[in-house]
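Here's a quick walk through this model, grouped by topic so you can follow along on screen. Have the viewer open and start with the strand pairing.

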Amino acid sequence: MRDRVVFVFAAALLAACGSSAGNASTSATPLSGTVSVFAAASLTAAFNALDADFQGANSSVTVKFNFAGTPTLVTQIEQGAPADVFASADTANMDKLKGDGFAAGTPQVFTRNKLEIVVAPGNPKGITGLADLAKPGVIYITEAPTVPAGKYALQALKMAGVTVTPKSLETDVKSVVSKIELGEADAGIVYTTDVTAAGSKVLGVPIPDANNVIATYPIVAVKATTNAAAANAFIAYVLSAAGQAKLQSFGFLSAS
């Protein structure tokens, strides 16, 4: 019961501190209904686990997730898809959503991430670093450059002085990992958390900090939300100590 009161108070506090949604409520009423969370694909495992804890304290709330590449989510929201919360894998797409008038209040950074090379178990092509991705016979795939992970991968390769043409450009990190698992490619660049989430199905090859890129993840309530109180409560939980601990247990970095 105490946890429920904390979440309701946090929701009211967030709403009072800047939510501009026309139907937002600042009253501390019991949470109920459905919350649609549109979140970057790299958050799939962590958000599903975090949601189990959130709904344990808010049994009258149902959280529905839509995981996809961040630019795909922005397009869906701006085309009218029913969303209450948007969690982005970069600030650029969040800035677009806010600039186009679809965000309620001020986005808040809730976690960060790093890149890692993903290969098949046993690392059959002997990939040891970014330079190996350009070797003859290595099938490299990555995300489209409009996808945050794809953009970050290009930055990492540029810093390392590596030029490589990918065999395919995927819509999100999960698609890259899946093709590595199926043996359709030899290597790709994803987040460290994606390698962790895949378990023994893949292997990760670290990228040195000098050539790595830190991904920043912001979250915000969507202006057209129909359940502002529950949306803000979910955001409050993600930002809470318990939410942060859950994210970090999946390999995500501190928000600060």
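I117 has I189 as its bridge partner, over in strand 8. That's one spot in a bigger match-up: strand 5 and strand 8 (residues 187-191) run antiparallel and are joined by 5 bridges. Keep in mind that this is a predicted model. Overall, the protein has 9 helices and 10 strands, and 51% of its 256 residues are buried.

**The sheet around strand 5**

- Strand 5 belongs to an open sheet of 5 strands, ordered 7-6-8-5-9, and the pairing is mixed.
- The edges are taken by strand 7 (169-170) and strand 9 (203-206); each has a single partner strand, so one side of each has no neighbour in the sheet.
- Helix 5 (residues 148-160) packs on this sheet and touches strand 5, strand 6 (140-143) and strand 8. Its direction makes about 125° with that of strand 6.
- Helix 6 (residues 173-181) lies across strand 5, strand 6, strand 7 and strand 8, and runs at about 140° to strand 8.

**E116, a buried charge**

- E116 sits in strand 5, which covers residues 115-119.
- Does E116 have a salt bridge, or is it buried without one? What you'll find is a buried residue with no salt bridge. The nearest side chain of opposite charge is K114, 8.9 Å away.
- Skipping neighbours within four places in sequence, E116 is in contact with a string of residues that includes G188, I189, V190 and Y191. Also among its contacts are V195, G204, V205 and P206.

**V195, on the helix side**

- V195 lies in helix 7, residues 192-198.
- Its relative accessibility is 10%, so V195 counts as buried.
- V195 and I117 are 78 residues apart in sequence, yet their C-alpha atoms are 8.5 Å apart in space.
- Leaving out residues up to four places away in sequence, V195 touches E116, V118, V190, V202, L203 and G204.

**The other sheet**

- Another 5 strands make an open sheet in the order 2-1-3-10-4, again with mixed pairing.
- Strand 2 (61-68) and strand 4 (103-113) are at its edges, each with a single partner strand, so one side of each is left without a neighbour in the sheet.
- On average, neighbouring strands here are turned by 20° against each other, ignoring direction.
- Strand 3 (residues 85-87) pairs with strand 10 (residues 215-222) in the antiparallel sense over 3 bridges; V85 has A221 in strand 10 as its bridge partner.
- Helix 3 (residues 70-78) packs on the sheet, touching strand 1 (33-40), strand 2, strand 3 and strand 10. Its direction makes about 140° with that of strand 1.

**Strand 1 and its partners**

- Strand 1 is largely enclosed by the rest of the structure, because 6 of its 8 residues are buried.
- Strand 1 and strand 2 run parallel, joined by 8 bridges, and V37 has F65 in strand 2 as its bridge partner.
- To get from strand 1 to strand 2, the chain passes through helix 2 (residues 44-57), making a right-handed β-α-β crossover.
- Strand 1 also pairs with strand 3 in the parallel sense, over 3 bridges; there, A39 stands opposite A87.

**Contacts across the chain**

- Take the contacts between residues at least 6 apart in sequence: 79% of them join residues at least 24 apart.

Notes. Residues are numbered from 1 along each chain as its sequence is written. This is a predicted model: local features need pLDDT of at least 70, side-chain atom pairs count only at pLDDT 80 or more; totals for chains, interfaces and linings use all residues. Side-chain values use heavy atoms; hydrogens and water are left out. Helices (H or I, at least four residues) and strands (E, at least two) are DSSP runs, numbered from the N terminus. Buried means under 20% relative accessible area, exposed over 50%, partly exposed in between (1.4 Å probe, protein chains only). Lys and Arg count as positive and Asp and Glu as negative; His and the chain ends are not counted. A salt bridge is a side-chain nitrogen of Lys or Arg within 4 Å of a carboxyl oxygen of Asp or Glu. Contact means heavy atoms within 4.5 Å. Two strands pair if DSSP finds at least two bridges between them. Axes are lines fitted to C-alpha atoms, for helices over the stretch in contact, and angles run from 0 to 180 degrees between N-to-C directions. A crossover is right-handed if, with the strands pointing away from the viewer, the path from the first strand over the helix to the second runs clockwise.
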